[in-house]
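Dear colleague,

I am handing over the structure below, and I would be grateful if you could look through it before reading my notes. The notes come straight after it.

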Amino acid sequence: GVQSVGQFAFVYCPELRSVSLPSSLFKIGIGAFGYVANPKNPSKYVKVDGFTVYGYIDSGAQKYAESGKFAFVPISALSKACNAKRPFQDIYSQSV
């Protein structure tokens with residue numbers, strides 16, 4: 001699986017609002033997710049409001065979300081909800 005993502009890797013993807021990161025990911029560069037290029041000054045980056053990181057507890061994904069003050073949703077919580085056969089929309093209607 002993916003092991004690293006470089007810094008500012010997705011700043012030119014303004015539609016990206018969330019990511020699901022695998023447990024194999026051990027290195028996430030500064031600003032890799034949750035930031036976009038500033039339209040007025042493309043060499044500067046701005047934080048994406050409401051960006052969400054889905055990942056495993058105690059993983060690089062959780063650390064990245066916490067350090068960037070992004071919402072973090074544990075993948076294990078989603079798995080449990082799916083296994084309980086709850087409707088898809090109910091899983092995502094819970095507050096983060």
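What follows is a description of the fold, of the confidence in the model, and of the aromatic side chains.

Please keep in mind throughout that this is a predicted model. The protein chain has 3 helices and 7 strands, and, read along the sequence, these elements come in the order β-β-β-β-β-β-α-β-α-α. Of its 96 residues, 33% count as buried, while the surface that the protein chain exposes amounts to about 6300 Å², with carbon and sulfur atoms supplying 54% of that area. Among contacts between residues at least 6 apart in sequence, 38% join residues that are at least 24 apart.

As for confidence, the pLDDT averages 84 over the protein chain, and 79% of the residues score at least 70. Over residues 84-96, however, the pLDDT is below 50, and this stretch has 10 contacts in the model beyond near neighbours in sequence. Where pLDDT is low, the predicted coordinates should not be read in detail.

Turning to the aromatic side chains, the structure holds 6 aromatic pairs. In one of them, the ring centres of F8 and Y45 are 4.3 Å apart and the planes meet at 25°, which is under 30 degrees, so the pair counts as stacked. F8 sits in the loop between β1 (4-5) and β2 (18-20), whereas Y45 belongs to strand β5 (residues 41-47), so that this pair links distant parts of the chain, 37 residues apart. Both partners count as partly exposed, F8 because its relative accessibility is 25% and Y45 because its relative accessibility is 32%.

Another pair, Y35 and F70, is edge-to-face, with 5.7 Å from centre to centre and 80° between the planes. This pair also links distant parts of the chain, since Y35 lies in strand β4 (residues 35-38) and F70 in the loop between α1 (60-68) and β7 (71-74), 35 residues apart. Here the partners are not alike in their cover: Y35 is partly exposed, with a relative accessible area of 22%, while F70, at 8% relative accessibility and therefore under 20%, counts as buried.

Y35 and F70 also belong to a cluster linked by ring pairs, in which F10, F33, F51 and Y64 take part as well. F70 has a charged neighbour too, for K47 lies over the face of its ring, at 4.8 Å from the ring centre.

With kind regards

Notes
Residues numbered from 1 in each chain as written. Heavy atoms only, no water. Helix = DSSP H or I, 4+ residues; strand = E, 2+ residues; numbered from the N terminus. Buried < 20%, exposed > 50% of the residue type's maximum accessible area, 1.4 Å probe, protein only. Contact = heavy atoms within 4.5 Å. Areas by Shrake-Rupley, 256 points an atom, 1.4 Å probe, with all protein chains shown as cover. pLDDT = per-residue confidence, 0-100. Phe/Tyr/Trp six-rings, centres within 6.5 Å; stacked < 30°, edge-to-face > 60°. Lys NZ or Arg CZ within 6 Å of the ring centre and 35° of its normal.
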